[in-house]
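Reader: I'd like to go through the labels people put on a model like this and ask what backs each of them up. Shall we take a look?

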Amino acid sequence: MSAAHRYQDLIVTDFHIHFRLEQEGAPRPEAETAAQAAAEARARQERGGDYRDEWRMAWDFPEPDGGGGRTWEEEADLWIEHMDRHGIDRINFVTGGGNDALARVVKRHPGRFSGFAHHDPFAPGAAEELERAVTELGLRGLKLIAPRLTKRIDDPAAHPVWEVAARLGIPVLIHFGMLGAGGGIADNGRCNPADLEPVATRFPSVNFVVPHFGIQFVKELLFLCWACPNVHVDTSGSNQWVRWMPYPLTLEDLLHKFMETIGPRRILFGSDSSWFPRGFVLRYLQDQNRALRLMGVHHDELQAIFGGNARRLIGLPE
């Protein structure tokens with residue numbers, strides 16, 4: 001591992017990044033047609049355009065360039081440029097236009113990229129597809145978005161998928177809570193991380209990761225982590241959802257409470273970076289680094305949060 005790829009005194013692995021879904025030649029996930037995707041995008045834009053613009057300007061982010069006419073190869077190389085610019089050693093793409101498409105992206109820069117399968121766990125042959133994605137394509141985990149699934153995460157129909165994950169020793173990242181900008185999903189009955197408890201209990205060897213601190217279900221995620229030592233949390237995104245909580249809550253509060261409850265070995269840094277020209281969101285890394293250092297977190301614990309834990313879960317040397 002090159003010593004040049006450092007942020008301050010840390011070797012950073014970003015556990016949670018998205019590769020642009022519209023890249024050239026990328027198949028869309030099964031059960032999602034181009035027409036459906038376009039209709040949903042238009043609806044989201046109409047419902048949440050004001051919120052999205054407000055958020056972007058508040059964080060001083062540029063408008064997305066929609067790919068800027070880049071091929072997926074050029075997009076992958078642009079990620080490497082951003083990583084080198086900010087001292088990021090490795091990034092993990094949790095989605096990227098389908099398993100085959102993302103596997104091609106990872107293979108372009110295998111020493112710096114890794115990726116997760118991201119198909120429907122309730123689709124026919126889902127367990128076999130996960131096996132293929134890991135053993136043949138080289139992907140290192142599974143990413144799911146619970147609010148977008150057709151069934152709750154604890155439905156027994158997904159047990160074959162969890163069995164494959166357990167046998168292969170791969171992590172499973174599951175988004176719970178609100179989804180999207182204004183006009184998105186608030187709670188459709190599949191958003192609560194508490195639903196994961198029977199699954200995590202039945203499959204104790206599977207490392208489950210809940211991103212964004214569980215969003216509005218902070219209490220439920222803390223209790224889930226207390227009950228299930230195989231449940232982890234990732235810190236990704238702006239976490240602006242704290243604005244709508246019925247009590248004061250800050251990034252510092254979240255980090256302190258999860259450090260107190262589960263310690264540094266079950267917290268993973270993620271940025272939720274996804275589009276250009278914004279690229280890698282250094283600001284999120286800076287904010288979390290500052291908060292943890294001012295809490296007095298020791299260097300070895302910082303290294304675990306900002307890279308070691310991610311590498312351990314995806315099967316790389318820490």
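Author: Let's start with a word we'll need: buried means under 20% relative accessible area. Keep in mind that this is a predicted model.

Reader: Fine. Why is F93 called buried?

Author: F93 has a relative accessibility of 0%, which is under the 20% cut-off, so F93 counts as buried. W79 gets the label too, because its relative accessible area is 0%.

Reader: How many aromatic pairs are there, and what makes W79 and F93 edge-to-face?

Author: A search of the whole structure finds 13 aromatic pairs. For W79 and F93, the ring centres are 5.9 Å apart and the planes make 70 degrees. Rings pair within 6.5 Å and planes over 60 degrees apart count as edge-to-face, so both parts of the label hold. This pair links distant parts of the chain: W79 sits in helix 2 and F93 in strand 2, 14 residues apart.

Reader: Which cluster do W79 and F93 belong to?

Author: Ring pairs join W79 and F93 with F19, F113 and F276.

Reader: Why is the pair of F269 and F306 called tilted?

Author: Their planes stand at 45 degrees, which is neither under 30 (stacked) nor over 60 (edge-to-face), so the pair is tilted. The centres are 5.4 Å apart, within the 6.5 Å limit. F269 lies in the loop between strand 8 and helix 9, while F306 is in helix 10, 37 residues apart. F269 is buried, because its relative accessible area is 0%, and F306 is buried at 0% as well.

Reader: What makes helix 9 and helix 10 roughly antiparallel?

Author: Helix 9 and helix 10 pack at about 155 degrees, with axes 11 Å apart. Angles over 145 degrees count as roughly antiparallel, so the two helices earn that description. Helix 9 passes helix 10 in a right-handed crossing. Where they meet, L285, Q288, N289, L292 and R293 in helix 9 face up to L302, I305 and F306 in helix 10.

Reader: How do you know that N309 is buried, and what is N309 in contact with?

Author: N309, in helix 10, has 0% relative accessibility, under the 20% cut-off, so N309 counts as buried. Beyond neighbours within four places in sequence, N309 contacts P264, R265, R266, I267, L268 and A304.

Reader: And what lies over the face of F61?

Author: That's R278, at 5.0 Å from the ring centre.

How values were computed. Residues numbered from 1 in each chain as written. Predicted model: local features only at pLDDT ≥ 70, side-chain atom pairs only at ≥ 80, totals over all residues. Heavy atoms only, no water. Phe/Tyr/Trp six-rings, centres within 6.5 Å; stacked < 30°, edge-to-face > 60°. Helix = DSSP H or I, 4+ residues; strand = E, 2+ residues; numbered from the N terminus. Buried < 20%, exposed > 50% of the residue type's maximum accessible area, 1.4 Å probe, protein only. Lys NZ or Arg CZ within 6 Å of the ring centre and 35° of its normal. Axes fitted to C-alpha atoms, helices over the stretch in contact; angles between N-to-C directions. Parallel < 35°, antiparallel > 145°, perpendicular 65-115°, else oblique. Left-handed = near helix turned anticlockwise from the far one by under 90°. Contact = heavy atoms within 4.5 Å.
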